[in-house]
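Let's take a walk through this structure together, starting with the overall layout and ending at the surface. Keep the sequence and the 3D view side by side as you read.

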2 protein chains.
Amino acid sequence: MKQKSGKSNLMPAEHIAVFGAPDEEKLFEMAELFKVFADSTRIRVLYAMFEQEMNVSQICEKVEMSISAVSHQLRLLKQSRLVKCRREGRKAYYMLADDHVKTIIGMAKEHIEED
Amino acid sequence: MKQKSGKSNLMPAEHIAVFGAPDEEKLFEMAELFKVFADSTRIRVLYAMFEQEMNVSQICEKVEMSISAVSHQLRLLKQSRLVKCRREGRKAYYMLADDHVKTIIGMAKEHIEED
DNA sequence: CAAATAGTTGAATAACTGTTCAAGTATTCA
DNA sequence: TGAATACTTGAACAGTTATTCAACTATTTG
């Protein structure tokens, strides 16, 4: 159950890596990305920004959560570089970082709507 | 902070729902789907089936996890209908349920490889 | 039938996550 | 400057999740 090295004896070596999984670090990053989307309130926070940038209070109203909870989630989203933030006076406007967010969410929506 | 009904006074009503978030249940299902992908060992288990169907022991070897741990994860993946299972004697062969799995994983991979 | 193989399952535990609460910073306004 | 607004942050708590362990079922082989 522990044999990291040593090639499989079932298949020629040149075939092994073709569809192989990415390395551990990449897998970890992929999982991290999915984790961000793995919470319905966080998806709602992202949806709040689909049309236009929003400040924290506006997001709070839209998703019906406390300022603190939203702020915590926004920090997470910012760390994952899924949203970016612009300051104007004492307000902080958040917006989607790129179209990837919409695409990924759209795919999940499609998937659950199918079959 | 609690005003579920009552239209926004910032925008004509017919624009409100266009990009609106799906209902709570759908959001929840979307989050559930992402949760399944939100674990690097589970992604590795899925990758193990990219080329061909595999029985549990083969998956264990490939991902270097205990039979029990893999079996638990496979149950989860089966419940989410991301994999399906075929029995042959005392062996249980698992395979990806459809191409959606590869597409979703591929998207995450692209995203983390960019920028 | 008994032993071995292949996998499943439930309970327990340890680690992680989301929300709240309380306290903090930063900016504007009077 | 003092009060109000708009957040941010850290700690704590409750709920969730992944792995392990032990016990179990099902199938095959001798």
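Follow chain A along its sequence and you'll meet the pattern α-α-α-β-α-α-β-β-α. That gives six helices and three strands; here helices (H or I, at least four residues) and strands (E, at least two) are DSSP runs, numbered from the N terminus. Bear in mind that this is a predicted model, where local features need pLDDT of at least 70 and side-chain atom pairs pLDDT 80 or more, while totals for chains, interfaces and linings use all residues. Residues are numbered from 1 along each chain as its sequence is written, chains are lettered from A and ligands numbered from 1 in the order in which they are written, and side-chain values use heavy atoms, leaving out hydrogens and water.

How much of chain A is tucked away? Of its 115 residues, 38% are buried (under 20% relative accessible area, with exposed meaning over 50% and partly exposed in between; 1.4 Å probe, protein chains only). Helix α3, residues 40–48 of chain A, is mostly covered, with eight of its nine residues buried. Among them are A:Arg42, A:Ile43 and A:Tyr47.

Now look at contacts, meaning heavy atoms within 4.5 Å. In chain A, 47% of the contacts with a separation of 6 or more are between residues 24 or more positions apart.

Finally, find A:Asp99 in the loop between β3 (91–96) and α6 (100–113) of chain A. Buried or exposed? A:Asp99 counts as exposed because its relative accessibility is 58%.
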